[in-house]
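Here's a short set of exercises to work through with the viewer open. Try each task before you read its solution.

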Amino acid sequence: MNCQTCGRSLTTDEAGLNYKLIARDTKVFLCKTHLAEYFKVSESVLDQKIAQFKRQGCLLFSTGEAADSETAQRSEENSQ
Ligand SMILES: [Zn+2]
């Protein structure tokens, strides 16, 4: 999915923000820059929102990236 305003492709986190802040079934997607403009907040506010939703374990966001790479590394060690 891409930003409706500038056409930039969205990250998982940005898409998650659209679902959370606009509507769970939103058809409109905006990148972080244009979400910030839409809600008249700064992008850092949206970063805080992303962090907050991740802490809540919201599955709409790319959680546990570090844990995933750790697991991959471990299974690699095991195979040797
Ligand atoms: Zn945009």
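The exercises below deal with a predicted model, going from the overall fold to one helix pair and then the core.

**Exercise 1.** Work out which secondary structure elements the protein chain has and what pattern they follow along the sequence.

*Solution.* Start by counting: there are four helices and zero strands. Reading along the sequence then gives α-α-α-α. For a feel of the packing, 16% of the 80 residues are buried. Now take contacts between residues at least 6 apart in sequence: 45% of them join residues at least 24 apart.

**Exercise 2.** Describe how helix H1 packs against helix H3.

*Solution.* Two packed helices are described by the angle between their axes and the distance between those axes. H1 covers residues 12-21 and H3 covers residues 43-55; their axes are 10 Å apart, at an angle of about 85 degrees. Angles of 65 to 115 degrees count as roughly perpendicular, so H1 is roughly perpendicular to H3. Next, pick out who meets whom: H1 brings Asp13, Gly16, Leu17 and Lys20, while H3 brings Leu46, Lys49, Ile50 and Phe53. Sort the residues of this contact by type and you get four nonpolar, one polar and three charged.

**Exercise 3.** Find the residues of the largest nonpolar core, then trace the contacts of Ile50.

*Solution.* The core has eight residues: Leu17, Phe29, Leu30, Cys31, Leu35, Ile50, Phe53 and Phe61. Leu17, Ile50 and Phe53 also take part in the meeting of H1 and H3. Now zoom in on Ile50 and skip its neighbours within four places in sequence: what's left is contact with Asp13, Leu17 and Phe61. Of these partners, Leu17 and Phe61 belong to the core too.

Conventions: Residues numbered from 1 in each chain as written. Predicted model: local features only at pLDDT ≥ 70, side-chain atom pairs only at ≥ 80, totals over all residues. Core = buried A, V, L, I, M, F, W, Y, C linked by C-beta atoms within 7 Å. Buried ≥ 20, exposed ≤ 12 C-beta atoms within 10 Å, placed from the backbone. Contact = placed C-beta atoms within 7 Å. Axes fitted to C-alpha atoms, helices over the stretch in contact; angles between N-to-C directions. Helix = DSSP H or I, 4+ residues; strand = E, 2+ residues; numbered from the N terminus. Parallel < 35°, antiparallel > 145°, perpendicular 65-115°, else oblique. Nonpolar A, V, L, I, M, F, W, Y, C, P; charged D, E, K, R; others polar.
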